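Me: I'm new to this structure and would like a close look at a single part of it, the sheet and whatever goes with it. Could you walk me through it in plain words?

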Amino acid sequence: MNYYEEINNEKNIFASELKEPNENSFEFELTICTVSEKEENVIINGINIGPARRINSDQNCNRFKVKFENYISYSVIDERFDKLTENEKYSGNRLRIYSDSNFLNYIKADMNASSDYPGDFKHYAFITLNHIINVASENEPEIIKLN
């Protein structure tokens, strides 16, 4: 995967533009942003909800399109609800490739997908600041740098 290491080593990644442009294909964008060091109080409707850091996601941020030409399954989770599990095995940090995961176990248990049909497949996970995107696919994604 082109740009794998560049994205994998970042910590301020946001996902956007999640869509299925064609039948059984899936794509989304990743934006690498900068986050200010200074915290500011966030006020919504006159209520101070506490300190937060400002996110810069302007045109100077690196953006990437991630494309799966086909997939077996995918899930998108609000990052606040991700359940960290110690028994899962993966390589990577922000872009993970799992050899053993609850998502793979779910696919094998609840779907007609195995090494026999459609063939060997992997679990790819994209850990962003707003979403966890899990994709089971026979093929690795194509990653295209947009700027």
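**The open sheet and the pocket**

Reply: Let's start with the sheet: five strands form an open sheet in the order β6-β10-β9-β8-β7, and their pairing is antiparallel. The two edges are taken by β6 (73-78) and β7 (89-91), and each of these has a single partner strand, so one side of each is left without a neighbour in the sheet. Going from one strand to the next, the twist averages 25 degrees. Keep in mind as you look around that this is a predicted model. As a bit of background, strands of a sheet pair through backbone hydrogen bonds, and they can do so in a parallel or an antiparallel way.

Now zoom in on one pair. Strand β9 covers residues 122-127 and strand β10 covers residues 131-137; the two run antiparallel and are joined by six bridges. If you want a spot to find on screen, try Lys122, which stands opposite Ser137 in β10.

These strands also turn up when you look at the largest pocket, which has a volume of about 330 Å³. Its lining is made of 19 residues, and the ones nearest the centre of the pocket are Asp82, Lys83, Thr85, Glu88 and Tyr98. Which elements supply at least two residues of that lining each? They are β6, β8 (95-100), α2 (102-110), β9 and β10. Strand β9 gives the most, with three residues. As for the character of the lining, nine of its residues are nonpolar, five are polar and five are charged.

While you're here, two residues are worth a glance for their backbone angles. Most residues other than glycine have a negative phi. Glu17 has a positive phi, near 55 degrees, and isn't a glycine. You'll find Glu17 in strand β1, which spans residues 13-19. Asn45 also isn't a glycine, and its phi is positive at about 50 degrees. Asn45 sits in the loop between β3 (34-44) and β4 (47-56).

How do Glu17 and Asn45 count, exposed or partly exposed? Glu17 has 48% relative accessibility, so it counts as partly exposed. Asn45 has 76% relative accessibility, so it counts as exposed. The cut-off that matters for this step is 50%, with exposed meaning over that value.

Terms used. Residues are numbered from 1 along each chain as its sequence is written. This is a predicted model: local features need pLDDT of at least 70, side-chain atom pairs count only at pLDDT 80 or more; totals for chains, interfaces and linings use all residues. Side-chain values use heavy atoms; hydrogens and water are left out. Two strands pair if DSSP finds at least two bridges between them. Helices (H or I, at least four residues) and strands (E, at least two) are DSSP runs, numbered from the N terminus. Axes are lines fitted to C-alpha atoms, for helices over the stretch in contact, and angles run from 0 to 180 degrees between N-to-C directions. On a 1 Å grid over the protein atoms alone, a cavity is a set of points where a 1.4 Å probe fits but cannot get out, and a pocket is an open set with protein on both sides within 12 Å along at least five of seven lines; lining residues have an atom within 4 Å of a point. Grid points are joined across faces, edges and corners, and a volume is the space filled by probe spheres set on the points. Ala, Val, Leu, Ile, Met, Phe, Trp, Tyr, Cys and Pro count as nonpolar, Asp, Glu, Lys and Arg as charged, and the others, Gly among them, as polar. Buried means under 20% relative accessible area, exposed over 50%, partly exposed in between (1.4 Å probe, protein chains only).
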